[in-house]
Protein chains: 2
Amino acid sequence: MLIRDATADDWPAVWPFFHRIVAAGETYPYALDMSAEQGREVWMPPPPDRTTVAIDDEGLIVGSAKMNANRQGNGDHVASASYMVDPDRHARGVGRALCEDSLRWARARGFLSMEFNAVVETNVHAVKLYESLGFRITGTQPRAFRHPAEGLVGLHCMHVDL
Amino acid sequence: MLIRDATADDWPAVWPFFHRIVAAGETYPYALDMSAEQGREVWMPPPPDRTTVAIDDEGLIVGSAKMNANRQGNGDHVASASYMVDPDRHARGVGRALCEDSLRWARARGFLSMEFNAVVETNVHAVKLYESLGFRITGTQPRAFRHPAEGLVGLHCMHVDL
C-alpha cells in the first residue's frame, strides 16, 4: 500500500468510488447528486489543503483522503480529514493507511489536534478505526443524519491530540 | 425591535460591527483579516439561506443573523445560524430576538432541529442565551479555539429540536 499526494490526473480514478459512496448516502452529508466537477471541487481543494490517494500492489487507486484546517482564524490550529475507500477494497487496511498518513501530515504541519465534525454513528467500522488511532467521541448531534436504511441517526464529533 | 430580511443595501451598516467582532477574534473561527467583500460572501449567502437584520427603535441596524442548512444531502434537515450584535448594543435583547426569529424560520421551513457547530465556551453570554431557548450542549471539542485572552478554549456543539 502506497499513499501519495493526488494530482489532477487522479480524479478520473477516484470519482467512480467517490460517487458510489456519496450517492449511497450512508456515510457523508454531501449532496447525493453532485456532479464529477462538483465532487472534484469538494475533494481536491488547492494547497495548503491536501488530497492523497492510496495505491495497491497492482498500481490501482483504491482510496483517497482529503485533509485541511477544520476552521479559519483562531480555529486554524485544528486539522480535519475525510476518507473514501473503494467499497470493493474495504477491510484491506486502506482506510487505516490513509488515516495514519493524514495524522502524520497534520502533525508535521504543526496542527495541535485533528477533529472530525460528522461521523455517522452507524458507520461503526470507521468509528472503531478512528478510536484505534486515538480519537475519542466528544459528542453526538442527535438525529442529524437521515440514513437510507436506519432512519435518523446521530453524527459524532471526534477528536485526537497530535 | 424589528427583525426583517436583510437586503444587499444593508451590508454597509452591518459590516462595521461584523468586522469589529471578527477582528476581535473572541467568538468566531473566521479569518480575522477578512475584507468587507469576503465578509459579505460569508454573511449574505443567496437563498435558500437567509440573512436578517435587527432594527432598533431609532431605525438603526444593531444586529444581524445568518441561517442555513447545517449540512447537505442526508444532513439537510438540520438548520444552523450565526448571530452578530453590535457590541455597543449588547444586553438589550438583540441577540435573543435574532435567535428566536431564526428558530421560527427554521421551524417554518421544516427543519427538524437547529445545531451550532462552534460556540466558543468562554462566550458564556451566548451559551446562556441559547440554553434559555432550549439548546443543550451535546459536546465540546477541546482546545479548538485560540482565545486572544484566555488561550486554548473549547468549542461547544449545541442542539435543539424544533
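Visitor: Hi! What pLDDT does chain A average, and what share of the residues score at least 70?
Guide: Chain A averages a pLDDT (the predictor's confidence in each residue, from 0 to 100) of 96, and 99% of the residues score at least 70. This is a predicted model, where local features need pLDDT of at least 70, side-chain atom pairs count only at pLDDT 80 or more, and totals for chains, interfaces and linings use all residues. Residues are numbered from 1 along each chain as its sequence is written, while chains are lettered from A and ligands numbered from 1 in the order in which they are written.

Visitor: And which ipTM and pTM does the predictor give the complex?
Guide: The complex gets an ipTM of 0.93 and a pTM of 0.95 from the predictor.

Visitor: Cool. What rotation superposes chain B on chain A?
Guide: A rotation of 180° with 0.0 Å of shift along its axis does it, at an RMSD of 0.0 Å; the fit is by least squares on the C-alpha atoms of residues with pLDDT of at least 70 in both copies. That is how a two-fold axis relates copies.

Visitor: Which C-alpha of chain B is nearest the axis?
Guide: That of B:Gly139, 2.0 Å from the axis.

Visitor: New topic: how many residues of chain B are in contact with chain A?
Guide: 28 residues of chain B are in contact with 28 of chain A, contact being C-beta atoms, placed from the backbone, within 7 Å.

Visitor: Which element gives the largest share of that side of chain B?
Guide: S6(B), with 9 residues; strands here are DSSP runs of E, at least two residues, numbered from the N terminus.

Terms used. Two residues are in contact if their C-beta atoms, placed from the backbone, lie within 7 Å. Helices (H or I, at least four residues) and strands (E, at least two) are DSSP runs, numbered from the N terminus.
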